[in-house]
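Me: I have a chain to go through with you, one question at a time. Please give the reasoning briefly and finish each reply on what was asked for.

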Amino acid sequence: MSGLPMVLSLDQVELTDEQFYRLCEANPNTPLERSAAGALVIMSPVGGESGEREANLITDLALWNRQSKLGKVFSSSTLFKLPGGGDRSPDAAWIESSRWEALSPEEKAGFPPICPDFVIELRSKTDALPPLQEKMAEYLASGLRLGWLINPQGQEVEIYRPAAIAEAVPFPARLSGEEILPGFELTWPLPD
């Protein structure tokens with residue numbers, strides 16, 4: 001696991017959206033992403049601690065959404081075709097209902113061509129921080145309204161908003177969904 005994620009340059013290879021989709025379908029047990037620059041990113045599976053933390057984040061977001069009925073929640077298995085380039089899978093994502101409903105049934109069934117309104121990225125032990133920060137920048141360039149990069153190794157959460165420098169909040173962090181996810185709050189680290 002220590003060598004992943006692995007990034008493969010595709011400078012000399014033309015990989016169409018359809019070919020990338022088929023590559024992902026042919027390798028369902030290998031999580032793949034594509035950066036805005038076109039590099040193929042082979043993701044590392046996470047260990048038990050990271051997987052449990054990620055599941056709790058998705059659960060908290062889904063429970064809030066079930067009450068608010070304001071949008072749709074997505075797991076890390078969902079790959080989004082970002083308008084600013086790249087095909088990315090955040091650890092947790094949320095899209096406001098009217099934006100999701102504007103997609104065609106075919107777009108919803110494939111890699112949705114939309115940037116989530118909100119994402120959470122959770123840095124695992126195998127993740128280097130700069131690629132995650134670049135990923136957050138890709139989301140912002142594609143229309144992200146709010147993002148949290150949770151960095152247990154650095155004991156902080158980076159909060160991303162459009163047209164603003166990322167705000168670093170030290171642990172313990174009390175996070176707010178602000179006006180994007182009204183009433184959604186999370187304290188990190190999560191209580192046991």
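Me: Is Lys69 buried or exposed?
Reply: This is a predicted model, and Lys69 sits in the loop between α2 and β4. The cut-off for exposed is over 50% relative accessible area. Lys69 has a relative accessibility of 64%, so the residue counts as exposed.

Me: What is the phi of Lys69?
Reply: Most residues other than glycine have a negative phi. Lys69 is not a glycine, yet its phi is positive. The value is about 55 degrees.

Me: Where is Glu178, and is it buried, exposed or partly exposed?
Reply: Glu178 also has a positive phi, of about 55 degrees, without being a glycine. Its place is in the loop between β12 and β13. Partly exposed covers the range between under 20% and over 50%. With a relative accessible area of 25%, Glu178 is therefore partly exposed.

Me: In what order do the 6 strands of the open sheet follow one another?
Reply: The pairing in this sheet is mixed. Neighbouring strands are turned by 15 degrees against each other on average, direction ignored. The order is β4-β7-β8-β9-β10-β11.

Me: Which strands stand at the edges of that sheet?
Reply: An edge strand here has a single partner strand, so one side of it is left without a neighbour in the sheet. This applies to two strands, β4 (71-75) and β11 (167-170).

Me: In what sense do β9 and β10 pair, and which residue stands opposite Gly147?
Reply: Strand β9 covers residues 146-151 and strand β10 covers residues 156-160. They pair over 5 bridges, and the sense is antiparallel. The residue in β10 opposite Gly147 is Tyr160.

Me: At what angle does α5 run to β9?
Reply: Two helices can be placed against the strands. Helix α2 (residues 48-68) lies across β4, β7, β8 and β9, at about 170 degrees to β4. Helix α5 (residues 129-141) lies across β8, β9 and β10. Its angle to β9 is about 175 degrees.

Me: Which element gives the most to the largest nonpolar core?
Reply: This core has 24 residues, and Leu61, Trp148 and Ile150 are among those with the most contacts inside it. Elements giving two or more residues include β7, β8, β9 and β10, together with β12 (173-176) and β13 (185-188). The most comes from one helix, with 4 residues: α2.

Me: How many residues are in the other core, apart from the largest?
Reply: This other core lies apart from the largest one. Ile95, Trp100, Cys115 and Leu149 are among its members. Its residues number 17.

Me: Which residues does Ile150 contact, leaving aside neighbours within four places in sequence?
Reply: Ile150 is one of the residues with the most contacts inside the largest core. Its partners include the charged-named pair Glu121 and Arg123 as well as Ile120 and Leu122. The others are Leu57, Glu156, Val157, Phe171 and Trp188.

Me: Which peptide bonds to Pro172 and Pro189 are cis or trans, and with what omega?
Reply: Most peptide bonds are trans. Pro172 is in the loop between β11 and β12, and the bond from Phe171 to Pro172 is cis, with omega near -10 degrees. Pro189 is in the segment after β13. The bond from Trp188 to Pro189 is cis, with omega near 5 degrees.

Me: Is Ile114 buried or exposed?
Reply: Ile114 is in the loop between α4 (105-109) and β8. Beyond residues up to four places away in sequence, it touches Phe80, Lys81, Leu82, Pro83, Ile95, Arg99 and Leu103. Its relative accessibility is 6%, and the cut-off is under 20%. Ile114 therefore counts as buried.

Me: What separates the C-alpha atoms of Ile114 and Gly143?
Reply: The two residues are 29 residues apart along the chain. In space, their C-alpha atoms are separated by 8.7 Å.

Me: Which residues lie nearest the centre of the largest pocket?
Reply: About 570 Å³ of space lies in this pocket. Its lining has 27 residues, with at least two each from α1 (17-26), β2, α2, β8 and α5. Nearest the centre are Pro31, Met43, Ser76, Ser77 and Ser89.

Definitions and conventions: Residues are numbered from 1 along each chain as its sequence is written. This is a predicted model: local features need pLDDT of at least 70, side-chain atom pairs count only at pLDDT 80 or more; totals for chains, interfaces and linings use all residues. Side-chain values use heavy atoms; hydrogens and water are left out. Two strands pair if DSSP finds at least two bridges between them. Axes are lines fitted to C-alpha atoms, for helices over the stretch in contact, and angles run from 0 to 180 degrees between N-to-C directions. Contact means heavy atoms within 4.5 Å. A nonpolar core is a set of buried Ala, Val, Leu, Ile, Met, Phe, Trp, Tyr and Cys residues joined through side-chain atoms within 4.5 Å. Buried means under 20% relative accessible area, exposed over 50%, partly exposed in between (1.4 Å probe, protein chains only). On a 1 Å grid over the protein atoms alone, a cavity is a set of points where a 1.4 Å probe fits but cannot get out, and a pocket is an open set with protein on both sides within 12 Å along at least five of seven lines; lining residues have an atom within 4 Å of a point. Grid points are joined across faces, edges and corners, and a volume is the space filled by probe spheres set on the points.
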